[in-house]
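Biologist: Could you take me through how the helices pack in this one, and through the nonpolar core as well? I'd love a close look, residue by residue where you can.

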Amino acid sequence: MAKCHRSNVNSLVLDQQHPAKNTTAGNLRLSASSFRRIIFDAVSCGGTSRHRQCHRDEDENDVSSTASKASLAPDCHKEKRQVREEKSEKRLTNLLNVAVNETETESKKKEETSTELKQVVMELRGDDSTKRRMAAARVRSLTKENSDARSTLAILGAIPPLVGMLDSEEFHSQIDSLYALLNLGIGNEANKAAIVKVGAVHKMVKLIESPCVVADSFVSEAIVANFLGLSALDSNKSIVGSSGAIPFLIRTLKNLDNSSKSSFQVKQDALKALYNLSINHTNISFILETDLVLFLINSIGDMEVSERILSILSNLVSTPEGRKAISAVRGSIIVLIDVLNWTDSPECQERVSYILMIMAHKAYADRQAMIEAGIVSSLLELTLLGTALAQKRASRILECLRIDKGKQVSGSCGGGGNLGSTVSAPICGASSSSFVKMDGGGKEYLMDELNMMSEEKKAVNQLVQQSLQNNMMKIVKRANLRQDFVHWERFASLTSSSTSKSLPF
């Protein structure tokens, strides 16, 4: 294209020179401006063409390079895929090797453990007392935190020889066998049943009665711990309770030295064991043959054991014999009522309210003793400030006392003549004028005690007013009102007529 344009320029000049021979000089001469325009157009045309040619060459080079890259792309992708596949294969192989190694390691450990357990059981069954003692100590350490070892040793038959070692006179053999049996029963009900079935409980009781063991606190602590673990199984409760374990547990509680940490743990274990045994009603008769109830009531006040003591009494109060034993202890009602005021121990409040509720429901003498001890004010406070369960139980006790008092009023009024209506308790807030009746002879019975507001009702009104005022203060604070927004004297006058119906019964 550039050559074509250069030929055009030459022909143009020749064409302009050619007519110079046939024309005048003035006609042959071109103007400078016209000549420059012609030269500029020719040069521009040639430059543009060369520029376009360069671009075309570059485009052709780009196309060729792109084509070459496109031809090389599949090969690159194949290589990358191969690399990825090789890496994934290597990783999978490594994982499989690790899994195989772990499986082999675990299988080796299991084989070694199984071999060791079998060897331990063989030594337990042997005649060498030293090896038996060492084997019992090994069982104690193996079963301390390993549940699989507990099951495996029981299956291999380790329990009978361990129970047989309780007849030994050697102190270390007794200790090792007792704690080995204790660890075998942890979290394993089958082992607990097997230990009792072999006769371990009676051997432990026999061991307790021996004079050399009575003075040995270590053996006693181990036996208490075993009784706790074995009594947790329901099928063992009656066997342990009838074996003579209950008197031993009570003696242990009485003879403990509260200054040491081990004594505290033994006390907790003994109380828990007695609680487990008291769940079974057949054991309550064995408990009542001792002075446990007296000891428990006298021990109330020690916050470390009071909750457990009240739990045991809750089981005893469910039987008539147990209620009678609790009532027979001098000052027992007063001690129990005092627990109702333990606002920092809601669990104790719930348990003691259950005990008092059962006693108030079952026995008139207990209700009278509660009233004389001033239980009403404590119950009213509990219905407002106690937990939901304690409030419900306190309300039940108040209901029992209210019905009992209503019956008393009905009986006193019915003795002098026929009443036209049933007399209810004063705490209900009924008008005293409705109780003024005339008999056939025209004699009028005025009940002065019903004309006056009862002490219970006054206490209720006071507590209700206090509760309402506290609630109103909270509302005022939440509403960001002035503290003198509510005139408390006027508010108290509005609540002065409140009755027990305002309580959350």
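**Helix packing and the nonpolar core**

Modeller: Happily! Helices α7 and α11 cross in a left-handed way, and please keep in mind that this is a predicted model. Helix α7 spans residues 171–184 and helix α11 residues 217–231; their axes lie 9 Å apart, at an angle of about 20°. That angle is under 35 degrees, so α7 counts as roughly parallel to α11. On the α7 side, the contact is made by Phe-171, Gln-174, Ile-175, Leu-178, Tyr-179, Leu-181 and Leu-182, which meet Phe-218, Val-219, Glu-221, Ala-222, Ile-223, Ala-225 and Asn-226 of α11. Sorted by class, these are 11 nonpolar, two polar and one charged residues.

Now for the core. The largest nonpolar core holds 89 residues, and Phe-227, Leu-313 and Ile-375 have the most contacts inside it. Its biggest contributor is helix α20 (residues 346–362), with eight residues.

Helix α20 also packs against helix α19 (residues 332–339), at an angle of about 140° and with 8 Å between the axes. The pair is therefore oblique, and its crossing is left-handed. From α19 come Ile-333, Leu-336, Ile-337 and Val-339, and from α20 Cys-348, Gln-349, Val-352, Ile-355, Leu-356 and Met-359. That contact has nine nonpolar residues, one polar and no charged.

Ile-375 ties this together nicely: leaving aside residues up to four places away in sequence, it touches Ile-337, Leu-340, Leu-356, Met-370, Ile-397 and Leu-401. Among them, Ile-337 and Leu-356 also take part in the contact between α19 and α20.

Conventions. Residues numbered from 1 in each chain as written. Predicted model: local features only at pLDDT ≥ 70, side-chain atom pairs only at ≥ 80, totals over all residues. Heavy atoms only, no water. Axes fitted to C-alpha atoms, helices over the stretch in contact; angles between N-to-C directions. Helix = DSSP H or I, 4+ residues; strand = E, 2+ residues; numbered from the N terminus. Parallel < 35°, antiparallel > 145°, perpendicular 65-115°, else oblique. Left-handed = near helix turned anticlockwise from the far one by under 90°. Contact = heavy atoms within 4.5 Å. Nonpolar A, V, L, I, M, F, W, Y, C, P; charged D, E, K, R; others polar. Core = buried A, V, L, I, M, F, W, Y, C linked by side-chain atoms within 4.5 Å. Buried < 20%, exposed > 50% of the residue type's maximum accessible area, 1.4 Å probe, protein only.
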